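Here are my notes after going through the model you sent. They are numbered so you can reply point by point.

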Amino acid sequence: MSDLLDDDLEFRGGTLQLSSDNINAENAENSQNNTAERVNRNKTKSNANSSVLSDARTEERRTEGAAASSESVQTVYPRYDVPFNSENIKDFFTFRKGVVENAIQECITALLFPEDGEYLGSWLLTEITLWDNEKERIVLLTSRLVMTIKYDFIAMKQLDFKKTYLDDLDTIVIGELVYPPSSLVPRLNGIATGVSTVVKDCVIDRLCRRPSSSNEDTKLFDPKYFEPRERNLRGVRLMWNKGEPLPLKTVWNPFSQDVPFLTFASHPIYWHKDGGPEEKAPFDMEIFAQKLQRAIEAMPSSACCIHHSPVVIQSYVGVTSLLHNKTSMGFFKVRGKFSF
């Protein structure tokens, strides 16, 4: 009996031992399966995250591309810092080949003498008067003086000239042409430019060319066309008033010849002349200012001060000058053209 019990116990013990081994094997297999499932889940999550990131990057690239395309389709407004356009510039008599060269050579031969000093250069520039009127002038520079010549480019003859000696100059200002803060000229200039642009695009172009699309029609009346417009030009001013204010009889007299300063800017042909810097040099104010500065510095007796700062045009309303400059009354050009 005891032997049977011992065999049974041993058998049961063996059974228990076998069952515990099976349990451990099952647990190990289950843990391996759990680990594999976790790895698969992690891989799935990483794949999902990577797909989400790739989708986000693709969407971001699409957004950037759309933004870039929207920026590239933005309205391009005309430039107002270039005087006149290529079509109207051909109406100037000075645009014709050889006209300016012949006129300058005639002035040098007839008006310059040995006592005027060494000849340094000649230009066709735009003179801006006290009342902000633009006028076409030939300018001769020597080692002693600056000569301003009014020349008739239609009849090809001299009308008037004025000599300004370098010894008399006390201040030279080179910089941007600006108006006082309280001036209405930029606002009036913006309104006039906007009206002329709309009239040209709506009326003249429609009569002479094919009509524009509906998108272009909306651009014609954009408020940006009517914004205040500065001159966006550089100029040089020669002064000999020793810092004293102008007398009232000079300020309020548009025909006064006693204005103690000269203001020059580049001629409109400078922006439309074919060729390189050498061909444009006779119309460039910057070259004139550089040679004038060298001539002043070469004079030991000169007490002239040279400033690089804005050139203020003392014009506050400027209705007459606006009409004068918009119609180019100070330039010799073809007017009243009619075609039949």
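1. I'd start out on the surface, with L323. This leucine is exposed, since its relative accessible area of 57% is over the 50% cut-off. L323 sits in helix 8, which covers residues 319-326. Keep in mind throughout that this is a predicted model.

2. What does L323 share the surface with? Together with L184, Y316, V317 and V319, L323 makes a nonpolar surface patch of about 470 Å². For the chain as a whole, the exposed area is about 21600 Å², and carbon and sulfur atoms supply 56% of that.

3. Now the overall layout. The chain has eight helices and nine strands. Of its 340 residues, 34% are buried. If you take contacts with a separation of 6 or more, 72% of them are between residues 24 or more positions apart. The pairs below give you some concrete cases to look at.

4. On to the charged pairs: there are three salt bridges in the structure. One of them joins D116 and K163, with 3.4 Å between the closest N and O atoms. These two come from distant parts of the chain, 47 residues apart: D116 is in the loop between helix 2 (99-111) and strand 1 (119-128), while K163 is in strand 4 (residues 157-165). Is each partner buried or partly exposed? D116 is buried, as its relative accessible area is just 3%, whereas K163 comes out at 28% and counts as partly exposed.

5. Another salt bridge is between the side chains of E127 and R137, at 3.5 Å from N to O. E127 belongs to strand 1 and R137 to strand 2 (residues 134-142), so this bridge ties together parts that are 10 residues apart in sequence. Both ends count as buried because they fall under the 20% cut-off: E127 has a relative accessible area of 13%, and R137 has 12%.

6. R234 and E286 also meet through their side chains in a salt bridge, here with an N to O distance of 2.5 Å. R234 is in strand 6 and E286 in helix 7, so the bridge ties together parts 52 residues apart in sequence. R234 counts as partly exposed at 33% relative accessibility, and E286 counts as partly exposed at 24%.

7. Next, the aromatics. The structure holds six aromatic pairs. In one of them, F264 and F288 have ring centres 5.7 Å apart and planes at 80°, so the pair is edge-to-face. F264 is in strand 7 (residues 261-266) and F288 is in helix 7 (residues 285-297), so their pairing ties together parts 24 residues apart in sequence. Where do the two rings stand on accessibility? F264 is buried, at 0% relative accessibility, and F288 is buried at 0% too.

8. Another edge-to-face pair is made by Y270 and W271, with 5.3 Å centre to centre and 85° between the planes. Here the partners are partly exposed: Y270 has a relative accessibility of 24%, and W271 has 29%.

9. When you have the viewer open, go back to F264 and F288 and add W123 to the selection. Ring pairs link W123, F264 and F288 into a cluster. Helix 7 is worth colouring while you are there, since F288 lies in it and E286, from the salt bridge with R234, lies in it as well.

10. My last stop is N241, in the loop between strand 6 (234-239) and helix 5 (248-251). Despite being in a loop, N241 counts as buried, because its 15% relative accessibility is under 20%. What does its side chain meet? A polar atom of the N241 side chain lies 3.0 Å from the backbone oxygen of E244. Leaving aside neighbours within four places in sequence, N241 is in contact with D170 and P260.

How values were computed
Residues numbered from 1 in each chain as written. Predicted model: local features only at pLDDT ≥ 70, side-chain atom pairs only at ≥ 80, totals over all residues. Heavy atoms only, no water. Helix = DSSP H or I, 4+ residues; strand = E, 2+ residues; numbered from the N terminus. Buried < 20%, exposed > 50% of the residue type's maximum accessible area, 1.4 Å probe, protein only. Polar contact = N/O pair within 3.5 Å; in protein donor to acceptor, adjacent residues only side chain to side chain. Contact = heavy atoms within 4.5 Å. Patch = residues over 30% accessible without salt bridge, like charges linked within 9 Å, V, L, I, M, F, W, Y side chains within 5 Å. Areas by Shrake-Rupley, 256 points an atom, 1.4 Å probe, with all protein chains shown as cover. Salt bridge = Lys/Arg side-chain N within 4 Å of Asp/Glu carboxyl O. Phe/Tyr/Trp six-rings, centres within 6.5 Å; stacked < 30°, edge-to-face > 60°.
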